[in-house]
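Visitor: I would like to learn how to read aromatic contacts and empty space in a model. Where do we begin?

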Amino acid sequence: MTFPYYIEHIPSVNENFKNLSSDVFIFKGEKNNYVYDVGNGGDALKRLNEIENKIAIISHFHHDHIMNIDKCKWVEVYGGRLTKICILQGTVIEDELIINDGITLRAYYLRNSHAKDFLVLECGDYLFLSDSIYCTVIDGKRVYNATLLKEQIDALEKSNAKYFVVSHDDKLIYTKNEIIDKLKSIYKRRNPKLPYIPEEAEC
């Protein structure tokens with residue numbers, strides 16, 4: 001499965017923590033190019049510096065998604081409050097951001113276990129989830145917050161997108177049902193007496 005011609009994908013780099021870089025997506029509008037996550041050096045930086053009239057939309061504040069921000073010239077940068085604190089620039093999206101520029105983009109917040117102030121991006125049949133389906137680490141354990149996971153599942157079920165796109169994944173593009181079924185299978189393992197669910201089923 002491939003994206004429409006107006007969406008360009010720059011794959012993530014996962015060699016080690018220092019060089020970890022998120023997937024980067026470029027949406028080609030009539031006036032501007034819109035970049036969802038800017039990555040951390042390497043191929044992403046080279047490609048980003050080749051295009052003009054760039055507007056960045058940052059999913060969240062983790063370093064592999066933001067480190068190229070100071071190495072490029074931007075028309076505008078959008079993100080959540082914690083992202084602005086980390087990158088020291090840009091405009092905070094209060095509720096949602098809708099862009100109409102030959103294509104229609106909608107960025108909005110999605111509560112999840114991975115990071116706070118998380119923005120996902122919708123474009124046509126595709127919902128770009130970045131890292132939002134992943135867990136967090138608490139006391140050295142990889143876990144999901146049960147309450148946030150349920151909220152996330154409910155929100156994703158309401159999405160009109162047919163396909164969900166995730167970062168750091170070779171498959172990259174999943175059907176809506178594939179992602180929701182995966183998250184539901186994790187939620188089904190919850191212990192109602194505990195706030196967190198282990199990422200992997202316990203033996």
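Guide: A charge sits over a ring if NZ of Lys or CZ of Arg is within 6 Å of the ring centre and within 35 degrees of the ring normal. The model here is predicted. In it, lysine 54 lies over the face of tryptophan 74, 5.6 Å from the ring centre. Arginine 106 is placed over the face of tyrosine 108, at 4.0 Å from the ring centre.

Visitor: How many aromatic pairs does the structure hold?

Guide: A pair of aromatic rings is described by the distance of the centres and the angle of the planes. The structure holds 9 such pairs. One of them joins tyrosine 5 and tyrosine 6, with 5.3 Å centre to centre and 85° between the planes. That pair is edge-to-face, because planes over 60 degrees apart count as such. Tyrosine 5 is exposed, its relative accessible area being 74%. One aromatic cluster is formed by Phe3, Phe25, Phe27, Tyr36, Tyr126, Phe128 and Tyr163.

Visitor: What volume does the second largest pocket have, and which residues line the largest cavity?

Guide: Rolling a probe the size of a water molecule over the atoms shows where empty space is left. The second largest pocket has a volume of about 260 Å³. Its lining has 4 nonpolar, 5 polar and 3 charged residues, among them His62, Asp64, His114 and His168.

The largest cavity holds about 30 Å³ of space. It is lined by Val77, Tyr78, Gly79, Gly80, Thr83, Lys84, Ile87, Gln89, Gly90, Thr91 and Val92. Strand E5 (76–79), helix H3 (81–87) and strand E6 (91–92) each supply at least two residues of that lining.

Methods:
Residues numbered from 1 in each chain as written. Predicted model: local features only at pLDDT ≥ 70, side-chain atom pairs only at ≥ 80, totals over all residues. Heavy atoms only, no water. Phe/Tyr/Trp six-rings, centres within 6.5 Å; stacked < 30°, edge-to-face > 60°. Buried < 20%, exposed > 50% of the residue type's maximum accessible area, 1.4 Å probe, protein only. 1 Å grid on protein atoms, 1.4 Å probe; cavity = no way out; pocket = protein on both sides within 12 Å on 5 of 7 lines; lining within 4 Å. Points joined across faces, edges and corners; volume = space filled by probe spheres on them. Nonpolar A, V, L, I, M, F, W, Y, C, P; charged D, E, K, R; others polar. Helix = DSSP H or I, 4+ residues; strand = E, 2+ residues; numbered from the N terminus.
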